[in-house]
Each structure stands twice: as C-alpha cells, then as structure tokens.
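User: I am new to this structure. Please walk me through it in short questions and answers.

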Amino acid sequence: MILESPPDSLDDRFALTANGQRLAALMTPGLLAFDDASQPVPVLAESFREVSPTLMEFTLRPGLTFHDGTALTAEDVKATFDGLRDAKVRSPRAERFAVLERVEVVDARTVRFHLKRPYAPLLAELSVGILPAERTGADGVVAQGEHPVGAGPFRFESHPDEEHLTLVPFEGWYAGAPALPRLRFRVVRDETTRVLELLKGRADLAVNVVSPAVLPVLEREPHLRVLSRPGTGFAYVGLNLREGPLADVRVRRALCHLVDVGPVVEHKLHGRARPSAGLLPRANWAWAESAGCEYSPEEAARLLDEAGYPDPDGPGGRPRLTLSLKTSTDRLRRAVGLVLKEQLARGGVEVEVRALEFGTFFEDVRRGRFELFTLKWASVMEPDLLRGAFDSANVPGPENNWGGFNRGGLKDATLDALLEEASRAPREERKALYAEAQRRLDALMPILPLWHEDSVAVVSTRLEGFEPSAHGLLTPLARARLATGSRERAP
C-alpha cells in the first residue's frame, strides 16, 4: 500500500492528517463510523440511542477484545473519553468534548454520555478510537504512539521508521479476521516513483495519491484497475486573515473572482471533481445553494481598486500586489498552484509558489506561517466541521497544541453564534442555520473554495474485494482478499 506522506501520529487522539486518522481507524476504531452517505453506523457499538437531548446511550458488541487479548468493556470507553479531556494528555481534540459532563458506566456493555447541553454533532465526536484504559492517561501516550493497541481489524506489527508500517489481521475482530495476510504501508513522496511502483507491480493499492492526468496510463495496464466514485474531499486555498492585504475582505473576494475553477477541473483533474462554492459537498444533508463568486476579472479589478491596490501600469506592468502561496511537493498540488499563479497574474496579482515537503508545509500551515496555501480536507461528513474550520475559538495556538482547524484565523462573532446554535439545535432546525452560516461565509470569504474531488483507488489484480470509500478511508481493506493463486509479497 502506497502512501504519499507519513502519518503524523498513529494515535487517533493526536492524528491531524488524513493518513494518521485513516491508519488509526484500522487499528483503533471507535464506537461508530460514517458510511459513504455520511450516516452513522455502529462499529464497536452494537447499537446506540438518544435517551434525551442531553443523554446518549451505547451498547457494546458482546465479546469484544483488544489486540493484547484483554476484554474491551464500558470502562475502557469511559477511560478513553475521560483521558481525551485530561489537560495532561494534551490532545488537540480535547476542546470538542467540552460539552461532555460525564461518562457513566451502566454495566460492562452499556455506557452513557451525559451532556451539559444539547449537542447535535456528538456522534461525529464519538467516532474517536477506543483504547485500553491503561493507555488513556498521560502516562500511556508514548506507548500508544509507538505501539498502538486497539480493537480494530488489523493490529500493529512494526513501524521501523516513518517510511514503513506493517499491520497484520486481528483474529479477534468482531466481524471475523480479515482475509489479507499482512498490510505493508510504504511512504513514497515522489509521484513519478509511485506510478512506477504501480506499473512494475510492486504495489497493490494507492488511494487518492495519483494525479488524474496519470490515470489513463494506469487504466491501460492489464494488471491494474482504476476504481472511482464521487468523493467528499474538499480542495481549497487557505488565506491568512490575521494581517496584510488578505485581512481586507475586498482583496479576498477579488482573488476569488480571478480563480476560474472550471478549466482546472477539466484539464488538470480530467473531470474527476465537481466545482464547489463551499466546504460541504452537494450530497451532504446540510448543503445549501451558495452564491459563491463567479469568475469575473472586471469585478476583481473594481474590488482591488477600492481596496487601495490600483493597477499602476496596466496589463503587463507592475503587479497590484504580491503574495506567496505555499503548497506540498505533490505533483497535482504543485500544478494547481502554478495554474492559480497564472490566473491571479491576469488580474495583476503576482504569486510566488513555494512547494515544500509535506511535513514542513503542514507545520507552516498549522503555525500560521503563510499568506496563501493549497490544501484539501480529506473528507467532509458532519456539517459541524464548519465550526471546526471557522469558529474563532479554533484558531491554532499553544492553548490547543496548534491543533485548531481555523488556520486562516477568521474571527466573526455572527458566524460563531450561528454555528454554536446549529450545534445545539434539532436536525430540522440545523439545516436552516447551516444555510445561513454558508451565506455568511460567502460574505466573509475566509477561503477560496475550489472543488470536491472524486475518491480514486488504483488497485492491482492481486487485490480483490476492495471498493473505494467516498471519504478515502482504508477500512474497506478489512473486507478485501488476495486473488486466488496470489502469494503474500516478500518484505
């Protein structure tokens, strides 16, 4: 299995990158997960029910065990969520559980979550991986990070360096041990090398790590299949709103009017995406029609003039303003960055594109060391993600261990109030509140929305039964198998 970058953590409590979260889900699943339609489905829980607006009850599957052979009980569930809220653990997810008053163990298989107030997105937060009680406190963080123990379909075998990870099937998985004999994940940062590894038959699976332009070449290979489905991954341009030209909404709107998404989707993504006006995909229940900002160089010029960035020399002359855009070294992201540079230049905005190794790039984004950046939300399921991405309280900083998702530093009391109200309201009221929040985001323009990308898996004919997840998850590996006659690859 090929990855484009190493996981930032194998501990779900600390994983902020898609690879960290996806790998953690194979080893340490939660009480529930979300299907391709973003609906909650039980995993370690057998069932769950809302007793009242402030009380949710879960019943665990019978006979659950962790990879070390110990029983998984309601006590472990309670310890996991108590630990997440422990300041000594320093999980970047801690603030999401501020609404949780206490976790009650009813019996070995029944656990109740008591809330301080109604909190509609609770189920999304309860998908975090369940750990053995002895690993949930601050003294268990190092052990869990180095040798994860959970109750998932695959268990940890080795992680000799950041480039390699090996998992093996867990015989005690409640749905039956996976059929695959072993999973070897290898980080291949260079896309050309990733493609060659697939072409030479040295890899069996690559999920969302190959540029659309290369897919036709891979589709012609008899030993490979390209599987695709509409995805929820959201590509966007992040803007630093804290200071400088981008603190002015007129400049942000001008940039948006200079970006022409349609040709990029057609030519760079070969149609494997849908232009978007905001973070929520059209299939999400909370999606609302959005005005966005249509391509309009004339409107962009008017806004830049108004903001104090006139065109000094006319077309071909000096730029109105100069900005820096950071991206990763991934081929597609670099190519998108260069297209954005070209499009913005037509409107008199000069952009310096800086492609950085992903770890360096991501750390700069977390720490606010950017003017513009291109990034992608790996999957968008729960609409409360809008609160995570744009609420004033979620700006990254030392208080949240630089784990806040409001990386552009947007602060807007009106939007905060809307998203907070939506987190408390019944579902029928939430839809209207999120529609209003999306209109507010249209006005504020804290990011430049680009598109929602398809989820694409390149699969060797040795691997059968793997179907790509709309969210790009790796959990379908639990249902996959080797083709008849295929042998496990040598290390």
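User: Which residues form the negative surface patch?
Analyst: This is a predicted model. In it, a negative patch sits on the surface. Its members are Glu-421, Glu-428, Glu-429 and Glu-436.

User: Which helix gives the most to that negative patch?
Analyst: One helix contributes three residues to the patch. That helix spans residues 427-444. The top contributor is helix 14.

User: Is Glu-428 buried or exposed?
Analyst: Glu-428 lies in helix 14 and belongs to the negative patch. Exposed means over 50% relative accessible area. Glu-428 has 62%, so Glu-428 is exposed.

User: Where does Met-445 lie, and is Met-445 buried or exposed?
Analyst: Met-445 is found in the loop between helix 14 and strand 17 (447-460). Buried means under 20% relative accessible area. Met-445 has 3%, so Met-445 is buried.

User: Which residues does Met-445 touch, not counting those up to four places away in sequence?
Analyst: Met-445 is buried. Its contacts beyond those sequence neighbours are with Leu-239, Arg-252, Arg-253, Cys-256 and Cys-293.

User: What separates the C-alpha atoms of Met-445 and Arg-487 in space?
Analyst: Along the chain, Met-445 and Arg-487 are 42 residues apart. Between their C-alpha atoms, the separation is 52 Å.

User: What is the C-alpha to C-alpha spacing of Pro-297 and Gly-348?
Analyst: Pro-297 lies in helix 9 (residues 297-306). Pro-297 and Gly-348 are 51 residues apart in sequence. In space, their C-alpha atoms are 9.9 Å apart.

User: Which residues is Pro-297 in contact with, leaving aside neighbours within four places in sequence?
Analyst: Pro-297 has a relative accessibility of 29%, so Pro-297 counts as partly exposed. Its contacts beyond those neighbours are His-257 and Leu-258.

User: Why is helix 2 described as largely enclosed?
Analyst: Helix 2 covers residues 74-84. The buried ones include Ala-74, Val-77, Phe-81 and Leu-84. Helix 2 is largely enclosed by the rest of the structure because the buried residues number eight of the eleven.

User: What covers the buried residues of helix 2?
Analyst: Both strands and a helix take part in the cover. It includes strand 5 (55-60), strand 6 (100-107), strand 7 (110-115) and helix 3 (122-125).

User: Where does Thr-17 lie, and which residues is Thr-17 in contact with, leaving aside neighbours within four places in sequence?
Analyst: Thr-17 lies in the loop between strand 1 (2-3) and helix 1 (18-27). Its relative accessible area is 8%, so Thr-17 is buried. Beyond those neighbours, its contacts are Pro-7, Asp-8, Phe-358 and Phe-362.

User: How many salt bridges does the structure hold?
Analyst: A salt bridge needs a side-chain nitrogen of Lys or Arg within 4 Å of a carboxyl oxygen of Asp or Glu. The number in this structure is 39.

User: How many residues apart are Glu-420 and Arg-117, whose side chains meet in a salt bridge?
Analyst: The N to O distance of this salt bridge is 2.8 Å. The pair links distant parts of the chain: Glu-420 is in helix 13 (residues 413-424), and Arg-117 is in the loop between strand 7 and helix 3. Their separation in sequence is 303 residues.

User: Is Arg-117 buried or exposed?
Analyst: Its salt-bridge partner Glu-420 is partly exposed, at 23% relative accessibility. Arg-117 has 16%, so Arg-117 counts as buried.

User: What is the distance between the closest N and O atoms in the salt bridge of Glu-197 with Arg-186?
Analyst: Glu-197 counts as buried at 10% relative accessibility. Arg-186 counts as partly exposed at 28%. Their closest N and O atoms are apart by 2.6 Å.

User: What is the phi of Asn-401?
Analyst: Asn-401 lies in the loop between helix 12 (385-390) and helix 13. Asn-401 is not a glycine, yet its phi is positive. The value is about 55°.

Conventions
Residues numbered from 1 in each chain as written. Predicted model: local features only at pLDDT ≥ 70, side-chain atom pairs only at ≥ 80, totals over all residues. Heavy atoms only, no water. Patch = residues over 30% accessible without salt bridge, like charges linked within 9 Å, V, L, I, M, F, W, Y side chains within 5 Å. Areas by Shrake-Rupley, 256 points an atom, 1.4 Å probe, with all protein chains shown as cover. Lys, Arg positive; Asp, Glu negative; His and termini not counted. Charge placed at Lys NZ, Arg CZ, Asp CG, Glu CD. Helix = DSSP H or I, 4+ residues; strand = E, 2+ residues; numbered from the N terminus. Buried < 20%, exposed > 50% of the residue type's maximum accessible area, 1.4 Å probe, protein only. Contact = heavy atoms within 4.5 Å.
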